[in-house]
Amino acid sequence: MRKLALPHDVLMSVDKPARYLGNELNSVHKDLKPGMVRYVMCFPDVYDVGMCHLGLPIIYEMLNRREDIWCERLYSPWPDLDRIMRERHIPLFALESQDPVRDFDFLGITLQYEMCYTNILQVLDLAGIPLLAKDRGEDDPIVIGGGPCTYNPEPMADFFDMFYIGEAETNMYDVVDEYKAARAKGLGRREYLRRAASIPGIYVPSLYDVTYGGDGTIASFTPNCPEAPAKVKRVVEMNLTGSYYPEKPIVPFMRIIQDRVTLEIMRGCIRGCRFCQAGSVYKPQREKDLDWLMDLARRMLDETGQEEICLSSLSSSDYSQIEPLIRGLIDECNRRMVNISLPSLRIDEFSLEVMKLLTDVRSSSVTFAPEAGTQRLRDVINKGLTEEDILDGALAAFKAGWNKVKFYFMLGQPTETREDLLGLVDLCEKVAMKYYDEIPKEERQGRIQINASSSFFVPKPFTPFQWATMLHKDEYLERAYIVKDSFKNTRNSRALHYQYNDADITILEGIFARGDRRIAPAILEAYKKGQIYDAWSEYFNYDLWMETFAECGIDVDFYNVRARSLDEILPWDFIDTGVSKSFLRREWEKALRGEVSPNCREKCAGCGARVYGGGVCFEG
Amino acid sequence: MKVRFRFSKEGETCYLGHLDMMRFFQKAIRRAHIDVAYSQGFNPHQILSFASPLGLGMTSQGEYFDAELKSCGSGRELLEAINGAMTEGIRVLGVRRIPDEGKYNAMAALTACSYMVSFDESFAAEYDLCGMWQRFISRDSIPVIKKTKTQTVETDLRPLILDSGFSSGKLRLLLAAGSVESVKAVAVLSAFFESSGIPLSGEQAFKTGTVRIERLDQFTGDKDKLTSLGEVGEEI
């Protein structure tokens, strides 16, 4: 029997001990050899959530293909185990080898959402690694961050030795090879970090100095050594077909949030929704080859025995081979008794036909994400979905037997007025009326059910809305109340349901999303007060955060509601995502004028991503 | 046709719960391309039924589930196929075809389970466990108070301990199980400790690792004529 890091009595006293075993089918176990580079990849949330993520398994696959590297996994211990580990001084361990994280060469941490920041400090702390990068010594692992939140890594800059900006497939091996070379030459940590800084995509925060002006905005952001480039270029994998992919995905024993095989069909998006960070920082849209995808799907199902496969992309309907892909998968999966899950499909004739084959029409619903209630505001955000599209789609769904509709909206977007809020309710009502007007009584499957939900908009770096102002918490709630009240007064109020997401989290996401290095002390302080698992409502503590910001002298309004000038140096301006700032500015100005922009296939808008030399930019 | 699978659960797989094991075998059956039957409807599931759930933290040499198969080759081929889809710690030990009637169902037919209890060395050195057990088991009745949500009832454990024996410092237990009358191994240990003046509950002793419990097998039939669930039916 392999040794376990946690003794029997601990495993017997925590919830779901299977989270901490690391012995799942297809997990990679290697014999340690001298000179082997030990890498541990962390998703800083509980196993049940972290195991659903696709990015980490791609890196796991890529690194483990090399014999001189052993990449293992790490997830945040749940608070029950956290408490025991602190009481009994049990060091945090990697799942596969069960060895202490502190013994590793690299600790990679993915930053998937802002609300996991305190969990990152929890992981460092439990591992016995100094929380601040400047306090780390030669025996500590190199702590490297990646993922979507690295498009503004500044609030977390003090805690990381380096960030990898972009897609791991391109330069991850270089990061390890440079490390091996530095180690062979007997070079220390600082020297390695300087050398790594010249690898494209690598950002070493300690090699940059930031100064601030009298108004609190950034006055300068400059490298302090020759190896660090003034601009860190996002690296992008242009050949996704045949690239590293988890062909033997790990099969968890316990039930996780989404226990299925994930097939990533493309990266990037042709749509130019102005609020969407993913749509901007994953440009250009790059598709994977259809035959390769079919082959991957078969192999993954063979290797895992999973009973569901899910297509992953930002907008699956824009994959140019979507029809043959789905038809091929239906054939393959029917034979295997495997379910297919198709999120992010536009509602049209084809998707309804497919959904009818795959789901139970009576219990499932059709989903629209208009994001805004009026055409005017949808033009501002450049969401290319018209009221006509929605009403036609809904009618087609009703005729096919559906009577449940879901709507996703965002409140608090730039230029939003009371009219837009009421328009949202009006849109839902029109869809309800469509059902009663167009579907004869005898063909109706009961009453229509419309579930609308809204979240509050958080402006993100590298989007045209990066200059947008946010609102105060009570203003967000007021807008949600307007919508809620209006829903109550509709004719079909019994059939229309509305719920809105919390405004507390929005405020915090806002300050983390567009904050600078001066936020870090507050994150550290909140953690020291015991704050972890902010993404979980039962652990999130808004008052504690606000109190901590005040104690640290941080003005939340400076980051959230202050109007930024277009020539201000933004904390993330040192990153070059390929999409130019002048394009973002043009889009922001068009947004304020309510002008739409075409998608990448209709007409190139000149965003700048063409420099990557492939994808949709060079189609046809 | 209905096929019964017997499997062992060893090492760290003892920390996997009953539902985890069901899900594990559902996936393993797919990986092994076994021709299992599915239920009808929009969410078809494999027709499987598991015998008595094993407590978290216990290992076992005698776990069972029954599967409805549409076809299969020889028993040997089936065994090879499913073991090709196992993971460390879990092994299928045997397969047999069982009669279709519901009364043969692994859960319904269950009447007894056997266990091996081993003790932590320092704990065993502290007490004369063997002698204490002899005194405990020679009692005519072992009344215990059972608390349920609504009431407390007194039951006698003695008739539920069908057989027992101490050898090489390990305690072997044969306990009534199934839907009519049953008792858990930790409950027997609790009563044993209490009656012997050992200040520890069975649950505590088990959770802290003072005792380790392994299920050896599960049985069907009357107490004087027990048959292993793994011996019912015929070879394939």
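## Helix H1 of chain B

In this predicted model, helix H1 of chain B has a good share of its residues tucked inside: Met21(B), Arg23(B), Phe24(B), Phe25(B), Ala28(B), Ile29(B), Arg30(B) and Arg31(B) are buried. What do these buried residues pack against? Their partners are strand S2 (48-50), strand S3 (59-68) and helix H2 (75-83), again in chain B.

The length of the helix can be checked too. H1(B) covers residues 18-31, and at 1.5 Å a residue its 14 residues should span 20 Å; the end C-alpha atoms are 20 Å apart, so expectation and model agree. Just past the end of H1(B) comes His33(B), with a positive phi of about 55°.

## How the chains divide

Chain B falls into domain 1 (2-104) and domain 2 (111-227). Between the C-alpha centres of domain 1 and domain 2 of chain B there are 28 Å. The two meet through ten residues of domain 1 and nine residues of domain 2. On the domain 1 side of that contact, four residues are nonpolar, six are polar and none is charged.

Chain A is divided into three parts: domain 1 (8-233), domain 2 (258-342 + 585-620) and domain 3 (346-497). Note that domain 2 of chain A is assembled from two stretches of sequence, 258-342 and 585-620. The C-alpha centres of domain 1 and domain 3 of chain A lie 40 Å apart.

## Where chain A meets chain B

The contact between the chains involves 22 residues of chain A and 20 residues of chain B. Which element gives the most to the chain A side? That is helix H1 of chain A, residues 8-13, with five residues. Sorted by class, the chain A side holds twelve nonpolar, six polar and four charged residues.

## The six-stranded sheet of chain A

Six strands of chain A make up an open sheet with mixed pairing, in the order S2-S1-S3-S4-S5-S6. Its edges are strand S2 (69-75) and strand S6 (202-203), each of which pairs on one side only. Across S1 (37-43), S2 and S3 (106-110) lies helix H3 (residues 55-64), running at about 160° to S2(A).

Is strand S3(A) enclosed or open to its surroundings? Five of the five residues of S3(A) are buried, so this strand is largely enclosed by the rest of the structure. Phe106(A), Gly108(A) and Thr110(A) point one way from S3(A), while Leu107(A) and Ile109(A) point the other way. In a regular strand, side chains alternate between the two faces of the sheet.

The pairing can be followed strand by strand. S1(A) and S3(A) are parallel and share four bridges, with Cys42(A) partnered by Ile109(A) of S3(A). S3(A) and S4(A) also run parallel, joined by five bridges, and here Gly108(A) faces Ile144(A) in S4(A). Ile144(A) has a bridge partner in S5(A) as well, namely Met162(A). Strands S4 (residues 142-146) and S5 (residues 162-164) of chain A are parallel, with two bridges between them.

## Pro148 in the loop after S4

The loop between S4 and S5 of chain A contains Pro148(A). Why does Pro148(A) count as partly exposed? It has 18 other C-beta atoms within 10 Å, and a residue is called buried at 20 or more and exposed at 12 or fewer, so Pro148(A) falls in between.

Leaving aside residues up to four places away in sequence, Pro148(A) touches Leu111(A), Gln112(A), Gln277(A) and Ala278(A). Pro148(A) and Thr110(A) are 38 residues apart in sequence, yet their C-alpha atoms are 8.3 Å apart in space. Thr110(A) belongs to strand S3(A), where it is buried.

## The four-stranded sheet of chain A

Chain A has another open sheet, this one of four strands in the order S15-S16-S17-S18, with parallel pairing. Strand S15 (366-371) and strand S18 (496-500) form its edges, each pairing on one side only. From one strand to the next, the twist averages 20°.

Toward the S18 edge, strand S17 (residues 449-456) is joined to S18(A) by five bridges in a parallel arrangement. Within this pair, Asn451(A) stands opposite His497(A) of S18(A). Helix H15 (residues 473-488) of chain A lies across S16 (404-411), S17 and S18, and runs at about 170° to S18(A).

Note on methods
Residues numbered from 1 in each chain as written. Chains lettered and ligands numbered in written order. Predicted model: local features only at pLDDT ≥ 70, side-chain atom pairs only at ≥ 80, totals over all residues. Pairing = 2+ DSSP bridges. Contact = placed C-beta atoms within 7 Å. Axes fitted to C-alpha atoms, helices over the stretch in contact; angles between N-to-C directions. Domains from an automatic or database assignment. Expected span 1.5 Å × (residues − 1). Nonpolar A, V, L, I, M, F, W, Y, C, P; charged D, E, K, R; others polar.
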